[in-house]
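Please look over the structure shown below. Some questions and answers about it follow.

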Amino acid sequence: MPDTSALVIPALTYAGRGWPVFMLARSKRPVANCPDCPTDAAGHDREACPCLTCHGFYAASTDPDRVTAIVTTVPTGQLALRTGAPSGTVVIDVDPAHGGRDTMNALIADGLLPPTAYVVTGSGGLHLYYRHPGQPISCSQGKPGQGLGPGVDVKADGGYVVLPPSVHPRTGRPYRWAPNRDMQEMPPALVTACQPVTPAPPPTLPHSPTTIRAAGGISCPDRLLAAHLDAVASATEGARRTTLYGAARGVARMVKVDAISRDDAIAALTDAGRQAEQTDRDIRAAIRGGFRAEGLAA
Ligand SMILES: [Zn+2]
Ligand SMILES: [Zn+2]
C-alpha cells in the first residue's frame, strides 16, 4: 500500500508555485462528501467549505497547512491538481488505450500541440500541460463533440488530473514528469479546437456590398434577406427548388418596395442556390418564376 506521506513534500512544492492541489480516493475518484455536506451546490459554498476532502476539486488549496492536512487525511489516495484558471493550466489528456496516440500525432502534425511540459501517467498515457489562455476552457470528457479526437480529452476549467508522484492504483506505476520541459502557451488553433461545438453562425450576406434599405414597412431588410437565403441553404434536398422559388418571391417583394436592387437580389439568390448545390438552370427558373409571380421581370 503506497504511503501518501511521500506526497506531502511534492504537494507543498506544487502549492508553492500556485497550483491548488487536493487528494483523490484510491479509486482516482473524488472522496465522498462528509454527512454534513450536500452533494449539490444549492445553498452551500463549495469554494469556502472548510472540509479537507469534500466537493472534489473545490477542496484544492495552495495554503501549506491545509495542503499538509489534506494529503495526510487520505493515506491511500492520489495527489491531484485542480486544472483550469485556478492553476493556470490546460491539460491535454492522451489515452493510448482509446486511440489517443494517433489523434495526438495528427494534432502535432497540424501544429496544435507544440512541445511542452508533460507527465507520463501510471497507465502509459500522457498529460500535456499548457498555460491557461485566460478565456474559459471547458473539460471535454464524456461530452461528445468536445474532445480533440478519439482518446484525447481536455482537462481545464472544472476539472482535475492526477499529479506525480502518485501511484496508479491498477498498474502500481508512478506518474512522472518528463524532464527539462517548460509549460508553453496554447497556440490559438488549440484554443479554438478546445471550444465546444456551437451552432453555425447566422448566414452572411453574399455579394457585399449589397445595398439594402429599410423601406416599405420592412424595418430589418438585412435580417429579412438573410432569413430568405438561410431557408434556401437549410432546405432538405427534396425541398430546395420550391424553397428557392419561395425565397425568390419573398426577395422580389423586397425589390418592389426598393429595399434591395433587382441585380443585388438576383445575385444573392443565385449565390444561395449554388450553395444549396442547385444547377444554374434550376436557379434561373426559380428566380424567374418567383419574380414573375410578384409581377416583376427577371
Ligand atoms: Zn464536508
Ligand atoms: Zn462542504
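**The zinc site and other local features**

Q: What is the arrangement of the 4 donor atoms around the zinc ion (ligand 1)?
A: The donor atoms subtend angles of 105 to 114° at the zinc ion (ligand 1). Donors are N, O and S atoms within 2.8 Å of the metal (3.2 Å for Na, K and Ca), and water is not among the atoms, so sites may look incomplete. Four donors count as tetrahedral if all angles lie between 85 and 135 degrees. The angles therefore make this arrangement tetrahedral.

A note on the model: it is predicted, local features need pLDDT of at least 70, side-chain atom pairs count only at pLDDT 80 or more, and totals for chains, interfaces and linings use all residues. Residues are numbered from 1 along each chain as its sequence is written, chains are lettered from A and ligands numbered from 1 in the order in which they are written, and side-chain values use heavy atoms, with hydrogens and water left out.

Q: Which residues coordinate the zinc ion (ligand 1)?
A: The donor residues are spaced C-x2-C-x13-C-x2-C in sequence. Each gives its SG atom, at 2.2 to 2.4 Å. They are Cys34, Cys37, Cys51 and Cys54.

Q: Which residue bridges the zinc ion (ligand 1) and the zinc ion (ligand 2)?
A: The two zinc ions lie 3.9 Å apart. The bridging residue is buried, as is Cys54, where buried means under 20% relative accessible area, exposed over 50% and partly exposed in between (1.4 Å probe, protein chains only). The residue that bridges the ions is Cys37.

Q: Where is the cis peptide bond that involves Pro165?
A: Pro165 lies in the loop between strand S7 (160–162) and strand S8 (176–177). Helices (H or I, at least four residues) and strands (E, at least two) are DSSP runs, numbered from the N terminus. With omega near 0°, the cis bond runs from Pro164 to Pro165.

Q: Is Asn180 buried or exposed?
A: Asn180 sits in the loop between S8 and strand S9 (184–185). Its phi is positive, near 60°, in a residue other than glycine. At 82% relative accessibility, Asn180 counts as exposed.

Q: What is the relative accessible area of Asp258?
A: Asp258 is found in the loop between H6 and H7. Phi of Asp258 is near 65°, a positive value in a residue other than glycine. Asp258 is partly exposed, with a relative accessible area of 45%.

Terms used:
Tetrahedral: all angles 85-135°; square planar, octahedral: opposite > 155°, others 65-115°.
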